[in-house]
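Visitor: Please choose a single part of this structure and take me through it closely, setting it against the whole chain and stating your cut-offs as you go.

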Amino acid sequence: MKDQVSLLEQPVAQPLAARLRPQTLDEIVGQKHLLGPGRILRRIIEQDAVTSMIFWGPPGVGKTTLATVIARQTQAKFIEFSAVTSGIKEIREVMQEADRNRVYGDKTIVFVDEIHRFNKAQQDAFLPFVEKGSIILIGATTENPSFEVNGALLSRCKVFVLKGLTEDDLLALLKRALSDQRGFGYQKIETDDDVLRLIAAFANGDARMALSTLEMAVLNGDEENGVTHVTRETVEQCTARKSLLYDKNGEEHYNLISALHKSMRNSDPDAAVYWLARMLEAGEDPIYVARRVTRFASEDVGLADPRALELAIAAYQACHLIGMPECTVHLTQAVIYLSLAPKSNAMEVAYNAAKEDALKQLDEPVPLHIRNGVTGLMRDLGYGKGYQYAHDLKDKIADMRCLPDSLIGREYYQPTDQGLEYKFRDRLEQIKAWRKEHEKK
């Protein structure tokens with residue numbers, strides 16, 4: 001556990017991002033939807049009327065910074081907890097002290113950075129004290145709080161969604177870093193907006209990454225006559241590989257696979273290949289992607305192009321055989337093919353309709369004539385009686401019902417006219433016409 005002083009202290013030789021951490025609301029870049037003039041979060045902080053809340057957003061957008069500003073502005077006792085070092089016993093001791101302070105009219109604000117790392121028991125330890133008003137809880141998380149924060153605790157907190165910073169936000173921050181005495185204002189640094197925009201684009205909305213990259217570029221810049229020159233080449237050397245935001249067990253994992261799937265469904269091969277690259281370059285298992293691509297081949301293409309499944313299976317096998325990075329080209333081939341293939345969700349619709357009947361209807365017995373009479377007793381009971389072997393018939397179709405009586409007439413497969421599926425539609429219509437003509441009276 002850390003107290004208010006530890007949150008605000010300025011140790012020697014701090015990184016640039018720590019030295020430039022905003023001290024007031026006016027110094028915070030971005031988040032205008034929450035901190036602009038008259039906006040709710042700004043009013044809450046300025047009026048020292050903070051209630052329990054969760055700050056949710058990607059790394060480097062100001063979650064801890066907001067907590068720092070609140071710590072400076074509030075009249076309450078401010079306590080910081082660490083999910084790594086704070087056990088349930090320690091939490092309860094502090095909560096009980098806060099409960100006693102409440103009797104004397106003293107408020108306690110508890111800040112929990114990365115609250116998603118607290119387990120259920122740790123989160124539960126806060127709940128009764130939040131309910132009683134003994135503490136005001138402020139949590140910060142990069143993960144969707146709907147999944148990572150206990151429902152009972154979440155229902156007592158206002159969730160504020162922080163957005164990734166824009167390039168203009170980051171450009172303003174980088175310029176401040178070069179002029180502010182807390183940053184590089186005491187040095188002579190020569191660069192231009194194009195170089196700073198390159199850093200901003202690389203940072204991908206993350207202020208901490210932008211400042212860290214600038215700091216590295218300055219340290220590696222060319223010095224001449226007391227002036228440090230930061231060029232495009234310097235920055236490119238410092239950003240040889242972009243660190244992609246990705247957590248294979250977190251929400252972004254599902255966001256990216258959803259983006260890939262929906263881009264293919266919308267016949268957009270460029271977007272599909274981009275999302276594929278985002279996943280693979282961030283370290284995703286290619287086998288996982290190949291499984292999802294295989295599913296797509298039937299769920300969204302199906303019989304509109306029967307070869308789609310063959311290609312998806314081939315890509316899956318290629319991933320098994322050679323792995324990364326060689327298998328990227330196989331997945332790219334499958335993703336582009338599926339993006340451009342005609343689309344039909346008839347397989348998915350058919351199965352879901354049949355599943356609903358299978359779950360909700362009575363479990364009717366299999367009709368006797370299509371049961372397998374493998375023993376004499378079964379044959380005596382009528383198993384297989386009246387069964388017609390389609391291959392022995394002229395039209396290779398038997399006038400024989402195969403659905404349970406209560407589902408006679410139910411049609412699950414509704415072929416479209418996309419791609420090759422029109423051929424299956426025509427064939428199905430021929431079969432239905434034949435059955436109607438030969439229907440037993």
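Guide: Contact here means heavy atoms within 4.5 Å, and of the contacts in the chain with a separation of 6 or more, 73% are between residues 24 or more positions apart. This is a predicted model, in which local features need pLDDT of at least 70 and side-chain atom pairs count only at pLDDT 80 or more, while totals for chains, interfaces and linings use all residues. Residues are numbered from 1 along each chain as its sequence is written, and side-chain values use heavy atoms, with hydrogens and water left out.

The chain has an average pLDDT (the predictor's confidence in each residue, from 0 to 100) of 83, with 92% of the residues at 70 or above. Among the helices and strands (DSSP runs, H or I of at least four residues and E of at least two, numbered from the N terminus), confidence is highest in H18, at 95, whereas strand E1 (residues 2–3) has the lowest mean, 42.

The part to look at is therefore helix H18, whose 13 residues, 328–340, should span 18 Å at 1.5 Å a residue (times one less than the number of residues), in agreement with the 18 Å between its end C-alpha atoms. Its buried residues (under 20% relative accessible area, with exposed over 50% and partly exposed in between, for a 1.4 Å probe and protein chains only) are Leu331, Ala334, Val335, Leu338 and Ser339. Because these cover an arc of only 130° around the axis (taken from the directions from the helix axis to the C-beta atoms), they lie on the same side of H18. On the face turned away from that buried side, H18 carries the exposed residues Val329 and Leu340. For the chain as a whole, 42% of the 441 residues are buried.
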